[in-house]
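Please find below some notes for a reader who is new to this structure. They are set out as numbered points and can be read alongside the sequence and the coordinates.

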Amino acid sequence: MRPRALSALALGLVLLVTGCGEAGKSPEKAAAPASASPSPTPVTKPSPTHTTPAKPKLRPVPKKLPSGLHRASGSNGVALTFDDGPDPRYTPQILAQLRAARVKATFCVVGQQAKRYPELVARIVREGHQLCNHSWHHDVNLGRRPAAEIRADLERTNEAIHAAAPKAPITWFRQPGGRWTAEEVTIAKQMGLRPLHWSVDPQDWDHPPAKTIIKRVKGATRHGSVVLMHDAGGDRAQTMAACRHLIPDLKRRFGIALPR
Ligand SMILES: [Zn+2]
């Protein structure tokens, strides 16, 4: 999760708590007869390029994570997941580290990034790693949107991934910010994308020093953990430095495995 995502999350939570998240917004009634509206403003806005159409209400984020999420690796090994890329600066560094340690990881890629850096998506696949759809533009509210929008976002992201790496299996979906809804879990599953959460979050998106990332991961990781880190979305130098220690350490203590 990136800082921008965090502020969006914080804002979302505040709006949720105050219960006014989408107050005043209502679904657009394009078919309303003109005579039925006493409003001086026309229902259909004349200049759609300069206005934002009214959006449907967002469904609330449940207080508890919905059921059906994968939060464990499914084996004794630890699953490493890298989110928000691919990124031309950091993804190659992580790939080199993984290759040196001879382990595989899961990359939760953002559709826009995949479209921009297709060669990195192809390299992730070529080097034996696993792909996870992480939405088109890291929409932390995606799970709250209408089902058709969720589906379209995931499809668009899959298409960008497949344009870069045709036929590559996209095993997982991970909701940005972990703000899952039950509806979204259902849609992902219908599309053959398994919902992947995590169990260890060192909050590396907040730029703690490498030693803090190491301490947090080592303190929380057990057999079967799913570790969340980021290879994009900001300055990831500390994550890169932490991984130089963590990848060999976790491999030695638990083994590193792809989630299943
Ligand atoms: Zn993310």
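1. Disulfides. The structure holds zero disulfides. In general terms, a disulfide is a covalent bond between the sulfur atoms of two cysteines. Two cysteines can be looked up here: Cys 132 is buried, with a relative accessible area of 0%, and Cys 243 is likewise counted as buried, at 0% relative accessibility. The model is a predicted one, and the absence of disulfides should be read as a statement about that model.

2. Overall make-up. The chain has 260 residues, of which 48% count as buried. It is built from eight helices and six strands. Read from the N terminus, the order of these elements is α-β-α-β-α-α-β-α-β-α-β-α-β-α. Of the contacts in the chain with a separation of 6 or more, 78% are between residues 24 or more positions apart.

3. The main core. Which residues have the most contacts inside the largest nonpolar core? They are Leu 80, Phe 82, Leu 98, Phe 107, Leu 154, Met 229 and Ile 247, in a core of 49 residues. Helix 8, residues 237–253, supplies the largest share of this core, with six residues. There is also a second, separate core of eight residues, and Ala 79, Trp 172, Val 226 and Leu 228 are among them.

4. Met 229. Leaving aside residues up to four places away in sequence, Met 229 touches Leu 80, Thr 81, Phe 82 and Asp 83. The other residues that Met 229 touches are Pro 202, Asp 204, Ile 213, Thr 239, Cys 243 and Leu 246. Cys 243, named in the first point as buried, has a relative accessibility of 0%.

5. Arg 236. This residue sits in the loop between strand 6 (226–230) and helix 8. Is Arg 236 buried or exposed? It is buried, because its relative accessible area is 0%, and the cut-off for buried is under 20%. Arg 236 and Arg 89 are 147 residues apart along the chain, while their C-alpha atoms are separated by 9.0 Å.

6. Helix 2 and helix 4. Two packed helices are described by the angle between their axes and the distance between the axes. For helix 2 (residues 91–101) and helix 4 (residues 118–126), the axes come within 11 Å and cross at roughly 10°. Angles under 35 degrees count as roughly parallel, and helix 2 and helix 4 are therefore roughly parallel to each other. On the helix 2 side the residues that meet helix 4 are Thr 91, Pro 92, Leu 95 and Ala 96. On the helix 4 side they are Leu 120, Arg 123 and Ile 124. By class, this contact has five nonpolar, one polar and one charged residues.

7. Backbone points to check. Most residues other than glycine have a negative phi, and most peptide bonds are trans. The loop between strand 1 (79–83) and helix 2 contains Pro 86, and the peptide bond from Gly 85 to Pro 86 is cis, with omega near 5°. Asp 84 lies in the loop between strand 1 and helix 2 and has a positive phi of about 85°, although it is not a glycine. Asp 84 is buried, with a relative accessible area of 1%.

8. Ser 135. This residue has a positive phi of about 80° and is not a glycine. Ser 135 lies in the loop between strand 3 (130–133) and helix 5 (147–164). At 0% relative accessibility, Ser 135 counts as buried.

Technical notes. Residues are numbered from 1 along each chain as its sequence is written. This is a predicted model: local features need pLDDT of at least 70, side-chain atom pairs count only at pLDDT 80 or more; totals for chains, interfaces and linings use all residues. Side-chain values use heavy atoms; hydrogens and water are left out. A nonpolar core is a set of buried Ala, Val, Leu, Ile, Met, Phe, Trp, Tyr and Cys residues joined through side-chain atoms within 4.5 Å. Buried means under 20% relative accessible area, exposed over 50%, partly exposed in between (1.4 Å probe, protein chains only). Helices (H or I, at least four residues) and strands (E, at least two) are DSSP runs, numbered from the N terminus. Contact means heavy atoms within 4.5 Å. A disulfide is a pair of cysteine sulfur atoms within 2.5 Å. Axes are lines fitted to C-alpha atoms, for helices over the stretch in contact, and angles run from 0 to 180 degrees between N-to-C directions. Angles under 35 degrees count as roughly parallel, over 145 as roughly antiparallel, 65 to 115 as roughly perpendicular and the rest as oblique. Ala, Val, Leu, Ile, Met, Phe, Trp, Tyr, Cys and Pro count as nonpolar, Asp, Glu, Lys and Arg as charged, and the others, Gly among them, as polar.
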